[in-house]
Amino acid sequence: MLKVEMKDIVEAYGRIRNYVQKTPLIYSPETSERTGSEVWFKMENLQPIGAYKLRGAMNNILGMSEEDLKCGVVAASAGNHSQAVAYAAKSKGVSAVVCVPESTPMNKRYGAIKHGARLVVYGPNYEDAENRAHEIEAEEGRKFVHAYESNETIAGQGTVAIESLLEKGDFDAILVPTGGGGLLCGVAIAAKAMNPDIKVYGLQTNTSAPWDKSFHERKLNNDCPFLPTCADGLEGAITWPNVELALTCVDDIFVVDEERTREGIKWMAQKHHYMIEGASATCLAALFEDHQELKGKKVLCIITGGNIDLDKFCEICEKDY
């Protein structure tokens, strides 16, 4: 069972703060005017690897024993976690192997290689890549760094909430793109500890939404369509430990439309001149869809990453929404 408390996130904040970027918190007058909410963006796409995942990976690496570090690390990822582990390991002179599925965009593969990791491309989905990573863990004696189902990862990801709320503590709601749930749980635990009245909502697209049934039925349910999506960082089956933890601290899960998510990518490029991933754009989609819980509220959107495939980005931006 996962167990993460505010003290763990505070400790992670102190541990990683010299290794990660303090990302900007920016107000969006255009999005606020369109949606009737006061909208702010936490720009985690400006981390050195282009995504928030560096926080959790760095907390894992910095918390390891010297013996573990000598053995090296291994991780599985749909993309951004692989870059994060590669970057964190390189910063401490540690050997890293990262396993990604065949669907992982080329730019995310190159990111892991650029930071010195040995890249293993295996299987059509994340589950296959994770199984291969565990085989390498056993074969080579490496320490496995989980992308989301880990106390250390969740605590590291939760530091984004501490950083945001220390700068502006009066948000009414936080929108969190949700894949495995590490970021969602970390943000919710930290945010509720700092402001018990704040609402935290997880986001998935209607092309891949196992969190919807699992959260509302209060039991694991991966019986849903898994279709191609621009939010590739959020797709795939989930596991119970993160759902169980989320049920103690998260207010609700919103399922947003794939087309509105694509519109969010184009909107961010037009209005703020940033390329963001589909996962990040689920925040815009939720606001565009007029959820009553957000109307008239001060809303923090976690812009989780900017590592979108260039061809996909251009194709999305050429369309009208």
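# Close-up views of a predicted model

**View 1. The sheet of four strands.** In this predicted model, four strands pair in parallel to make an open sheet, ordered β5-β4-β3-β6. The edges are held by β5 (118-121) and β6 (143-144); each has a single partner strand, so one side of each lacks a neighbour in the sheet. Four bridges link strand β4 (residues 96-100) to β5 in the parallel sense. V98 has L119 as its bridge partner in β5. Helix α6 (residues 106-114) packs on this sheet and touches β4 and β5, and its direction makes about 150° with that of β5.

**View 2. A129 in helix α7.** Helix α7 (residues 126-140) contains A129. With a relative accessible area of 0%, A129 is buried, since buried means under 20%. Not counting residues up to four places away in sequence, A129 touches A76, C99, V100, P101 and Y122. Two of these contacts, C99 and V100, lie in a strand shown in View 1, β4 (residues 96-100). Between A129 and K114 there are 20 Å in space, C-alpha to C-alpha, and the two are 15 residues apart in sequence.

**View 3. Q83 in helix α5.** Q83 is placed in helix α5 (residues 80-91). Is Q83 buried or exposed? Its relative accessible area is 5%, so Q83 is buried. Neighbours within four places in sequence left aside, Q83 is in contact with I49, N107, K108, G111, A112, H115 and N307. Among them are N107, K108, G111 and A112, which fall within helix α6 (residues 106-114).

**View 4. The sheet of six strands.** A second view of strand pairing shows an open sheet of six strands with mixed pairing, in the order β1-β2-β10-β7-β8-β9. At its edges stand β1 and β9 (252-256), each with a single partner strand, so one side of each is left without a neighbour in the sheet. On average, neighbouring strands of this sheet are turned by 30° against each other, direction ignored.

**View 5. Strand β2 and its two partners.** Of the six residues of strand β2 (residues 38-43), five are buried, and the strand is mostly covered. Strand β1 (residues 25-27) runs antiparallel to β2, and three bridges join the two. L25 has K42 as its bridge partner in β2. Strand β10 (residues 298-303) runs parallel to β2, and six bridges join this pair. E38 has K298 as its bridge partner in β10. In a regular strand, side chains alternate between the two faces of the sheet.

**View 6. Strands β7 and β10.** Strand β7 (residues 173-177) pairs with β10 in the parallel sense, over three bridges. Which residue of β10 stands opposite I174? The residue opposite I174 is L300.

**View 7. Helices across the six-stranded sheet.** Helix α8 lies across β1, β2 and β10, at about 130° to β2. In α8 (residues 151-167), 13 of the 17 residues are buried, so the helix is largely enclosed by the rest of the structure. The end C-alpha atoms of α8 are 25 Å apart, which agrees with the 24 Å that its 17 residues should span at 1.5 Å a residue. Helix α12 (residues 258-272) lies across β1, β2, β8 (199-205), β9 and β10, and runs at about 80° to β2.

**View 8. Two loop residues with positive phi.** Most residues other than glycine have a negative phi. R218 is not a glycine, yet its phi is positive, near 60°. The loop between α10 (210-217) and α11 (240-246) holds R218, which counts as exposed at 56% relative accessibility. D290, also not a glycine, has a positive phi of about 60°. The loop between α13 (278-288) and β10 holds D290, which counts as partly exposed at 40% relative accessibility.

**View 9. The whole protein, for orientation.** The protein has 14 helices and ten strands. Its C-alpha atoms fill a box of roughly 55 × 40 × 40 Å along the principal axes. The radius of gyration is 18 Å, which agrees with the value near 20 Å for a compact globule of 321 residues. Buried residues make up 59% of the 321 residues. Of the contacts between residues at least 6 apart in sequence, 73% join residues at least 24 apart. About 12,600 Å² of the protein is exposed, and carbon and sulfur atoms supply 48% of this area.

Key. Residues are numbered from 1 along each chain as its sequence is written. This is a predicted model: local features need pLDDT of at least 70, side-chain atom pairs count only at pLDDT 80 or more; totals for chains, interfaces and linings use all residues. Side-chain values use heavy atoms; hydrogens and water are left out. Buried means under 20% relative accessible area, exposed over 50%, partly exposed in between (1.4 Å probe, protein chains only). Two strands pair if DSSP finds at least two bridges between them. Contact means heavy atoms within 4.5 Å. Axes are lines fitted to C-alpha atoms, for helices over the stretch in contact, and angles run from 0 to 180 degrees between N-to-C directions. The expected span of a helix is 1.5 Å times one less than its number of residues. The radius of gyration is taken over C-alpha atoms; the globule rule is 2.2 Å times the number of residues to the power 0.38. Accessible areas come from the Shrake-Rupley method with a 1.4 Å probe; for residues, only the protein chains shown count as cover.
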